[in-house]
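Student: I am new to this structure and would like a close look at one part of it. Please start with the general layout and then go through the helices in some detail.

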Amino acid sequence: MNEENEDDYEYEYDENGEIVYYAIRPNKTQLKKEISALFELGEKMSALSPAQLASLELPDNIHKSIAQVSGMPLKGARKRLLKYIAGQLYKIDVQEFTDKLARLENKSAHATREHHIVERWRERLLTEGNEALSELLDDYPHADRQQVRQLIRNAQKETELGKPPKTSRLLYRYLKSLFAFDGDADDALDRPDPSYEEDDEDEEDG
């Protein structure tokens, strides 16, 4: 039988010096990997918007630290605070928070793909005209031909005259309301979205 190394254990003693608890210390290599993963988790959380961060419902001390680190420059103080955050995350079960973060990331990625699809259609309609419009109407027969055609014409005229792309934004909004996106990011359901809410202009402008 191999002798066990006492350095592999950590002990607690009672007031009489008797061992009351011992446990195998965590493998140092494994511990470094876990802390490194938690450091990266803290970095990902620091990139969230205030509303997204609040939705994770983190413990107050961790939430405040992540909110603080998000506005810090890439210097030593930021790294030290991220190490502190990793240490605090190590003390709790982070599965719930990583699951919430994954859902936020998936939602963000889906929204980005959705934006690109709408943006590509808008670009095609403005550059290809009737050819792209006919294809759009084949795919989405419920689309309002006259409305889309008018939006295209007005957007093209704005471009020619060097005016702000107001109608181009309206076309973007119409197309996004026309496309209802399911879980497959590149497929659009063939029904309008009655719950569509207007996006910020920055997103619409691409």
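Student: How many helices and how many strands are there in the chain? After that, please take me closely through helix α5 and the helices around it.

Tutor: The chain has 9 helices and 4 strands, and the model shown is a predicted one. Along the sequence, the elements come in the order β-β-α-α-α-α-α-α-α-α-β-β-α. The chain is 206 residues long, and 32% of them count as buried. Of the contacts between residues at least 6 apart in sequence, 54% join residues at least 24 apart.

Helix α5 covers residues 95-128. This helix has 34 residues, and its first and last C-alpha atoms are 49 Å apart, close to the 50 Å expected at 1.5 Å a residue. Its buried residues are F97, K100, L101, L104, H110, E114, H115, I117, V118, W121, R122 and L125. Charged residues such as K100, E114 and R122 are thus on that list beside leucines such as L101 and L104. An α-helix has 3.6 residues a turn, so residues three or four places apart point the same way. Among the buried residues of α5 are L101 and L104, and also W121 and L125.

One of those residues, L101, leads to helix α1. L41 is located in α1 and touches L89, V94, T98 and L101, leaving out residues up to four places away in sequence. The C-alpha atoms of L41 and L101 are 9.1 Å apart, although 60 residues separate the two along the chain. L41 has a relative accessible area of 7%, so it counts as buried, the limit being under 20%.

L89 belongs to α4, and both L41 and L89 are among the residues through which α1 and α4 meet. Helix α1 spans residues 28-46 and α4 spans residues 76-90; their axes are 8 Å apart and the packing angle is about 115°. At that angle, α1 is roughly perpendicular to α4. The crossing of α1 past α4 is right-handed. On the α1 side, the residues that take part are L31, E34, I35, L38, F39, L41, G42, E43 and S46. On the α4 side they are R78, K79, L82, K83, I85, A86, L89 and Y90.

R78, in α4, is worth following a little further. With a relative accessible area of 12%, R78 is buried. Its side chain makes a polar contact of 3.4 Å with the side chain of S46. Apart from neighbours within four places in sequence, R78 is in contact with E43, S46, V69, M72 and P73.

Now to the end of α5. Just after this helix comes G129, which has a positive phi of about 65°. Helix α6 covers residues 130-139. The axes of α5 and α6 come within 6 Å of each other and cross at roughly 135°. That angle makes α5 oblique to α6. W121, R124, L125 and E128 in α5 meet N130, E131, A132, L133, E135, L136 and D139 in α6.

E135, in α6, shows this meeting at the level of one residue. Leaving aside neighbours within four places in sequence, E135 is in contact with W121 and R124. The side chains of E135 and R124 make a polar contact of 2.8 Å. E135 and L125 are 10 residues apart along the chain, and their C-alpha atoms are 9.7 Å apart. The relative accessibility of E135 is 34%, so this residue counts as partly exposed.

Both α5 and α6 also help to cover helix α7, as does α8 (166-178). The residues of α7 that are buried are V148, R149, L151, I152, A155 and E158. Helix α7 has 17 residues, 145-161, and should span 24 Å at 1.5 Å a residue; its end C-alpha atoms are 24 Å apart, so the two agree. At the start of α7, a side-chain oxygen of D144 comes to within 3.2 Å of the backbone nitrogen of Q146. After α7 comes G162, with a positive phi near 70°.

A positive phi also occurs away from glycine. Most residues other than glycine have a negative phi. E57 has a positive phi, near 55°. This residue sits in the loop between α2 (50-55) and α3 (60-69), and E57 is exposed, with a relative accessible area of 56%.

Terms used: Residues are numbered from 1 along each chain as its sequence is written. This is a predicted model: local features need pLDDT of at least 70, side-chain atom pairs count only at pLDDT 80 or more; totals for chains, interfaces and linings use all residues. Side-chain values use heavy atoms; hydrogens and water are left out. Helices (H or I, at least four residues) and strands (E, at least two) are DSSP runs, numbered from the N terminus. The expected span of a helix is 1.5 Å times one less than its number of residues. Buried means under 20% relative accessible area, exposed over 50%, partly exposed in between (1.4 Å probe, protein chains only). Contact means heavy atoms within 4.5 Å. A polar contact is a pair of N or O atoms within 3.5 Å; within protein, one must be able to donate a hydrogen and the other to accept it, and residues adjacent in sequence count only if both atoms are side-chain atoms. Axes are lines fitted to C-alpha atoms, for helices over the stretch in contact, and angles run from 0 to 180 degrees between N-to-C directions. Angles under 35 degrees count as roughly parallel, over 145 as roughly antiparallel, 65 to 115 as roughly perpendicular and the rest as oblique. A crossing is left-handed if the near helix is turned anticlockwise from the far one by less than a right angle, and right-handed if clockwise.
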